[in-house]
Amino acid sequence: MKDIIVIGAGPGGLSTAMLLAHRGYNVRVFEKQGYIGGRNSQIKLGDYSFDMGPTFFLMKEILEEIFTETGRNLEDYVDLIEINPMYRLKFGEGKTFYPWSASEKERMIEEIERVFPGESGGYLEYLRREEEKFQRLIPCLQIPYSNLADLFKLNFIKALPYLDAHKSLYTSLGRYFKEDLLRLSFTFQAKYIGMSPWEAPGTFSIISYLEHKMGIYHVKGGLNRLSHAMAEAVVEDGGSIEVDCPVREILFEGRKAVGVELADGRRIEGDHVIMNADFAMGMKKLIPDALKDKYSDTNLQKKKYSCSTFMLYLGLDKVYEDLPHHNIIFAKNYRENIADITERKIISEDFSFYVQNASVSDPTLAPEGRSALYVLVPVPNNKSSIDWEREKHSYRDMVMRALENEGGFEGISESIEEERIITPADWEKEMDVYLGATFNLGHQVSQMLILRPHNKLEGYENLYIVGGGTHPGSGLPTIYESGRITANLIHREV
Ligand SMILES: Cc1cc2nc3c(=O)[nH]c(=O)nc-3n(C[C@H](O)[C@H](O)[C@H](O)COP(=O)(O)OP(=O)(O)OC[C@H]3O[C@@H](n4cnc5c(N)ncnc54)[C@H](O)[C@@H]3O)c2cc1C
């Protein structure tokens, strides 16, 4: 059977490794860090446990299908917990809104009428039209785009009237909601791909819709358990995963990938090489200069990238029982905050942030009576000139004040037992994320579908990519889908 080399054990690498190992390929995964999961890994601080990155498990059906295809049941490996109401949205003006997923439609209607009287009709229209859009769009996201002809396939043509790619997400949702804050409640999800509702194409209303349609799940022990379950499946099907094992370079004969050289000097031959490392960082570091062409360092710099995130992981000696699992606190002037992040690339004094207070639904993350708190602040990527080494402590203090004053976490400063910070500079230096752009290449129209790096990387033979940098894009469900697309491409070609 053919030998497959996977560079990186993030969600993308693990999903493709799982499928190919089950189909009988000889799969070897090499992971640079001493742990698996990439950005979806676990952080341990004393007795506290945190997810490093993803905390919203959306569209669980895709991973369930991958498990089913390999003869498994996802729920035999992990315990899923639905979070409903999905989150607390606290707006600058002081209003607080608790949206429910569509499985609790009546409660959602009541909640809309409580906070935005007279607007629930727009919600019903949103559910109706977005379902049509979802049905048309999903098949388009499950196939590769490698040439212009792919844009003329029947599925894509049927989806065209629903793409809304010529309008911004924010404008596009105006067809349902008059109230600005309600519109914001259905568009802030653009941040999940590191973009702004005013910049992301209207196509991305699909993110908030799939959240409303299918709900948001937490995984007992953290979403990193998903990565562990996938790694277990790879090994059960005969694959191997070596950690602390960085790949130094991809080896080529002409333009054909034939293997990898590891940092320890070993040269491993393979029939197909799959790169899961962050796309731009992988191109920069792993491909010989003479073969980079359209993805040369200069061209990579010209591409658009998502924002970054400033992270705080706090082990607390108490539990904020009255505050929910997911909390999103908006800046007083959200639009200006977004412009600071994406255009001016400066630190916002008036900023939005997200807090995961997961211990209220998952007691396994901290000792009894204690809690693990995760704070994410969207900030500019490293195209900014912010010196994070210099700024990080004063920035951390500003976030702590916001947690107390705006977030409702009273007395939090006195409750901290463990603490870790990750800055945009750390994402880049320690986690190999290009420009610290945590949600990868941007999802502008100019970088989507055929214009995004192809799953079978254009210009090379036997070299594939998986993860947030290729089609369909960043976010766990789409990344798992990229793994499935790549596995299918290889299986079809062999
Ligand atoms: C803070 C944050 C919050 C997020 N929240 C959500 C969320 O709530 N829901 C959601 O769906 N998505 C979320 N995402 C987005 C996305 O789901 C994750 O970033 C996801 O982990 C990306 O997966 P990936 O496979 O593309 O890459 P990664 O997870 O980055 O995996 C790449 C792997 O390649 C390894 N690697 C790199 N170079 C080498 C080398 N030379 N040799 C060997 N290995 C190498 C890396 O160490 C890493 O393990 C979030 C991301 C972040 C950062």
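How much area do domain 1 and domain 3 bury between them, and what percentage of it is on carbon and sulfur atoms? In this predicted model, domain 1 and domain 3 bury about 1,600 Å², with 64% of that area on carbon and sulfur atoms.

## Domain layout

The protein chain is divided into three parts: domain 1 (3–79 + 221–303 + 441–493), domain 2 (106–214) and domain 3 (307–429). Between the C-alpha centres of domain 1 and domain 3 the distance is 28 Å.

## The interface of domain 1 and domain 3

The size of an interface is often given as the accessible area lost when the parts come together. Here that area is about 1,600 Å². Counted by residues, 18 from domain 1 are in contact with 27 from domain 3.

Zero salt bridges are found across the interface of domain 1 and domain 3. Polar contacts are found there, in ten residue pairs with both residues at pLDDT 80 or more. On the side of domain 1 that touches domain 3, strand S3 (42–45) and strand S4 (48–51) each supply at least two residues. S4 gives the largest share of that side, four residues.

## The five-stranded sheet

Five strands make up an open sheet with parallel pairing, and their order is S9-S2-S1-S13-S19. Strand S9 (240–242) and strand S19 (463–465) are the edge strands, each pairing on one side only. From one strand to the next, the twist averages 20°.

Within this sheet, strand S1 (residues 3–7) pairs with strand S2 (residues 26–30) in the parallel sense, over five bridges. Ile4 is placed opposite Val27 in S2. Helix H1 (residues 11–22) packs on the sheet and touches S1, S2, S9 and strand S13 (272–275). The direction of helix H1 makes about 160° with that of S2.

## Salt bridges

Side chains of opposite charge can pair when their charged atoms come close. How many salt bridges does the rule count? The count comes to 35, with zero across the interface of domain 1 and domain 3.

One salt bridge is formed by Glu64 with Lys60, whose closest N and O atoms are 3.1 Å apart. Both Glu64 and Lys60 belong to helix H2 (residues 60–69). Glu64 and Lys60 are four residues apart, which is about one turn of the helix.

Technical notes. Residues numbered from 1 in each chain as written. Predicted model: local features only at pLDDT ≥ 70, side-chain atom pairs only at ≥ 80, totals over all residues. Heavy atoms only, no water. Pairing = 2+ DSSP bridges. Axes fitted to C-alpha atoms, helices over the stretch in contact; angles between N-to-C directions. Contact = heavy atoms within 4.5 Å. Domains from an automatic or database assignment. Buried area = accessible area lost by both parts, 1.4 Å probe. Salt bridge = Lys/Arg side-chain N within 4 Å of Asp/Glu carboxyl O. Polar contact = N/O pair within 3.5 Å; in protein donor to acceptor, adjacent residues only side chain to side chain.
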